[in-house]
Structures are given as C-alpha cells and as structure tokens.
Amino acid sequence: MSKVNITINGQALQVDAGMTILEAAQAAGIDIPTFCHDPELTRAGACRICVVEVAGARNLPASCTTPVAEGMVIETESERVQKARRSILELIWADHPHDCLTCEKTGSCKLQDYSYRYNVKESPYKGEARDIPLDDTNPFFFRDLNKCILCGKCIRKCHEINGAGAIDFMYRGFGTKVTTAFDDPIEESSCVFCGMCVDICPVGALIPKQGLQQGRSWEVDKVLTTCPYCGCGCTFYLHVRNDKIVGVTPNFDGPMKGHLCAKGRFGWDFVDSPDRLQTPLIKKDGEFVEASWEEALDLIAAKLKEVRAQYGADAIAGLSSARITNEENYLFQKLLRSLGTNNVDHCARL
Ligand code: SF4
Ligand code: SF4
Ligand code: SF4
Ligand code: FES
C-alpha cells in the first residue's frame with residue numbers, strides 16, 4: 001500500500017494512503033473526540049465534533065470523513081478547533097436535559113466526557129426543549145429521545161449490521177427524532193432487541209432496564225466470559241458488583257465484533273433466579289432430596305456400570321446441550337465413547 005507523509009500536532013508520520021485523518025491520528029495514539037463515527041459503519045460526518053485544523057484549508061474538516069493527503073499538516077487541539085468543539089457542545093446542551101446526577105450513563109457518556117474536556121458547563125442558547133415521552137414499551141431498554149444527540153449511529157447499526165431496519169430519522173428540523181415506522185413504540189416495530197443500538201449510543205438515550213441504579217460504570221468489575229446460550233461462543237463482559245451480575249456489554253475485540261443476540265445481551269437474569277438448583281438432587285422414596293456432588297457422581301457411575309453390565313454399552317446414550325461450550329461438548333462425547341457407546345446426541349438438533 002502506498003504511503004503519504006503527514007504531520008499531526010507536530011509529529012511527522014507516514015501513514016497508508018486512503019486513511020482518514022481520524023484513522024491516522026488514532027493509529028498514532030492521538031485522541032480526537034467523536035460522536036457519530038463507528039469504524040464498522042458508513043461514515044456519516046454528522047456531528048462535527050471531530051473537526052481538525054488543516055494548514056491551508058479555509059474551514060475545519062471533519063477528521064472522520066477527510067482522507068489524508070501528502071504533506072498535510074494537521075492540528076487536532078488548536079484554539080480554533082477547541083472553540084468549534086465548544087460551540088457544538090453548547091448547541092447540544094441547548095436542548096439536553098441537565099440530568100447527569102441521576103443519569104445511568106454518567107461515567108460512560110461521551111457528551112459528559114467532552115463537556116468536561118472542553119469545560120462546557122451550560123449553553124448560552126436558550127430556547128425550546130424537547131419533551132418526548134419516555135418509550136418504556138419493551139422489556140429490555142428505555143428510549144429517552146430527549147437525550148438523543150441525533151448522531152444516527154443506532155440507525156446505521158440497525159440497518160447495516162443487524163439488517164432489521166427498525167429505526168430511522170423522522171420529521172424535520174427541531175422535530176427530528178430517531179424512531180420506528182409510523183413512530184410506533186419500538187415493541188411494535190421490526191426491532192429484534194439485539195441491543196446493538198444500546199451499546200453504541202454515545203449518550204444516555206438508550207439505557208438497558210436491567211441493572212438500573214445498581215452501580216456506576218467505574219464501580220462494576222467487567223469480567224470477560226463466554227455466553228452460555230448457544231454454541232456460537234460469543235464473548236462479552238459481565239458487569240459484576242457485590243457478587244451480582246448487573247449488566248452485559250459486548251466484547252468488540254472478540255471474533256463476533258461485539259454483536260450479540262437478545263438472549264446473550266439481555267437474558268442473564270436467570271443466573272440469580274431462586275428457582276435454580278444449587279445442589280444435585282437424588283430421588284429417594286419418590287422425593288427429590290439434596291445430595292453432594294460426590295454422592296450424585298458415585299450414583300451415576302454405579303448406574304452406568306450396572307446398565308452396561310446387564311444390557312451392553314449400546315444401552316447407554318447421552319444427550320448434551322447447546323448451552324455449554326464446544327469444548328465441554330467435546331469432553332462429553334469423549335466420556336460417552338469411553339463407556340463404549342456412540343449414542344451421543346445434542347439438543348441443538350431439535
Ligand atoms: S446523557 Fe450524558 S450528558 Fe446527558 S444527562 Fe446523561 S450523563 Fe449527562
Ligand atoms: S435493538 Fe437491534 S434491532 Fe432493535 S432497534 Fe436496536 S439495533 Fe435495531
Ligand atoms: S439514540 Fe443514541 S445512537 Fe441513536 S441517534 Fe440518538 S444519540 Fe445517536
Ligand atoms: S465523528 Fe466525525 S462528524 Fe461525527
């Protein structure tokens with residue numbers, strides 16, 4: 001690939017031709033703020049928070065859509081750039097609820113982070129404010145469109161990655177909002193509740209219902225693990241606080257690139273269900289009674305030996321689960337074959 005020579009913040013760099021300024025900066029460890037950019041999605045160039053100063057250019061180009069060119073001299077934090085970013089933040093705050101104290105997104109909100117970074121406390125622009133009712137119609141996440149900054153990432157994720165096409169921009173000007181066909185509640189739309197929009201929303205417009213008020217983002221431990229629901233083996237981070245799961249976020253560095261289905265993304269509350277078995281149960285005199293693992297495993301081994309001795313190994317069969325990992329399923333069939341039977345099946349075939 002051909003290379004071009006550029007300078008960012010005084011640092012001489014040689015980067016791939018065709019890269020955007022944002023990509024070149026990120027590769028060099030230089031942080032440029034973004035709202036509407038996502039490397040997986042088409043470039044929208046909508047929010048302009050990523051503007052930079054390019055020597056010789058009249059305006060401030062959006063770094064996420066502007067390709068590098070030979071000899072470009074770029075400043076990412078010049079006074080002019082910072083002033084432009086402050087103006088963008090002030091415009092957003094002109095119509096944004098001042099709700100950080102109780103907002104679930106506090107600590108992981110880009111609007112909050114950039115307002116801190118550029119010292120924007122409030123907006124000089126006073127005018128009408130949106131008053132859109134909270135969409136509470138689905139079991140998985142709230143949609144508070146009063147906090148939406150119209151970056152459009154959720155729409156592109158839903159169309160370009162999920163393919164559901166459940167949401168889009170509707171109305172014009174001040175009335176513009178992200179909503180479903182006919183502005184119906186999302187539960188009545190083609191949404192499949194994958195939660196991808198929730199995961200990439202840069203602000204608190206889309207908030208999971210589980211885990212509400214159960215810990216700020218810096219208070220939870222994030223544990224990388226594998227989803228137990230099916231053999232795809234998607235990985236994600238369980239958010240754990242006080243030994244309880246309080247949330248899930250995708251692992252964007254994993255092979256599934258952070259894409260989860262509704263079950264993996266939202267279906268983890270069974271973990272703490274009081275209905276779950278805590279110990280093995282053995283039926284004694286027609287009643288299930290709690291037993292130790294040693295007792296249960298000894299009984300299983302004895303019964304398997306008994307069946308094999310009396311009827312032969314083919315009388316033994318094992319049914320495995322799609323809810324365990326491929327590795328565990330592998331071990332299960334090894335166990336059955338070591339008993340002398342090939343009768344192994346799996347509930348996924350249902
Ligand atoms: S979305 Fe962000 S900026 Fe807005 S109230 Fe919540 S934490 Fe504050
Ligand atoms: S949850 Fe998934 S399907 Fe539903 S709107 Fe969000 S991205 Fe689209
Ligand atoms: S809901 Fe979030 S991701 Fe979607 S447009 Fe609004 S701010 Fe962007
Ligand atoms: S991040 Fe570049 S225009 Fe939004």
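Around ligand 2 there are 13 residues, and C158, A164, C191, C194 and C197 are the closest of them; a residue is counted as near a molecule when its C-beta atom, placed from the backbone, lies within 6 Å of it. The model is a predicted one, in which local features need pLDDT of at least 70 and side-chain atom pairs count only at pLDDT 80 or more, while totals for chains, interfaces and linings use all residues. Residues are numbered from 1 along each chain as its sequence is written, and chains are lettered from A and ligands numbered from 1 in the order in which they are written.

Two helices, α4 (153–162) and α5 (196–200), each supply at least two residues of the shell around ligand 2, and α4 gives the most, with three residues. Helices and strands here are DSSP runs numbered from the N terminus, with H or I over at least four residues for a helix and E over at least two for a strand. Sorted by class, the shell around ligand 2 holds ten nonpolar, two polar and one charged residues. In this sorting, Ala, Val, Leu, Ile, Met, Phe, Trp, Tyr, Cys and Pro count as nonpolar, Asp, Glu, Lys and Arg as charged, and the others, Gly among them, as polar.

The other two ligands can be described in the same way. Ligand 1 has 13 residues around it, of which C100, C103, C109, V203 and G204 come nearest, and its shell is made up of six nonpolar, four polar and three charged residues. Ligand 3 is also surrounded by 13 residues, the closest being C148, C151, C154, C201 and A205, and this shell has eleven nonpolar, one polar and one charged residues.

Some of these cysteines appear again in the core. The largest nonpolar core has 59 residues, and V52, C154, C197 and C201 are those with the most contacts inside it; such a core is a set of buried Ala, Val, Leu, Ile, Met, Phe, Trp, Tyr and Cys residues joined through C-beta atoms within 7 Å. A residue is called buried if 20 or more other C-beta atoms lie within 10 Å of its own, exposed if 12 or fewer do, and partly exposed in between, again with C-beta atoms placed from the backbone. The elements that give two or more residues to this core are β1, α1 (21–27), α2 (79–93), α3 (110–117), α4 and α5. Because domain 1 (3–77) and domain 2 (210–276) both give residues to this core, it lies between them. Leaving aside neighbours within four places in sequence, C201 is in contact with K153, C154 and L206, where contact requires C-beta atoms, placed from the backbone, within 7 Å.

The domain assignment of the protein chain lists domain 1 (3–77), domain 2 (210–276) and domain 3 (293–349), with bounds that come from an automatic or database domain assignment. The C-alpha centres of domain 2 and domain 3 lie 30 Å apart, and their contact takes six residues from domain 2 and five residues from domain 3.

We turn now to the strands. Four of them form an open sheet of mixed pairing in the order β2-β1-β4-β3, and two strands are said to pair if DSSP finds at least two bridges between them. Since β2 (11–16) and β3 (53–54) stand at the edges, each with a single partner strand, one side of each is left without a neighbour in the sheet. Strand β1 (residues 3–8) runs antiparallel to β2 and is joined to it by six bridges, with K3 standing opposite D16 in β2.

Further along the chain, strand β10 (residues 235–241) and β11 pair in the antiparallel sense over six bridges, and Y237 has T249 as its bridge partner in β11. These two strands form a hairpin with two residues between them, and N242 in the turn has a positive phi of about 50°. Strand β11 is mostly covered, since five of its seven residues are buried. In the loop between β11 (244–250) and α6 (262–266) is N251, which is partly exposed, with 19 other C-beta atoms within 10 Å. Not counting residues up to four places away in sequence, N251 touches L224, T235, F236, Y237 and G258.

Conventions
Contact = placed C-beta atoms within 7 Å.
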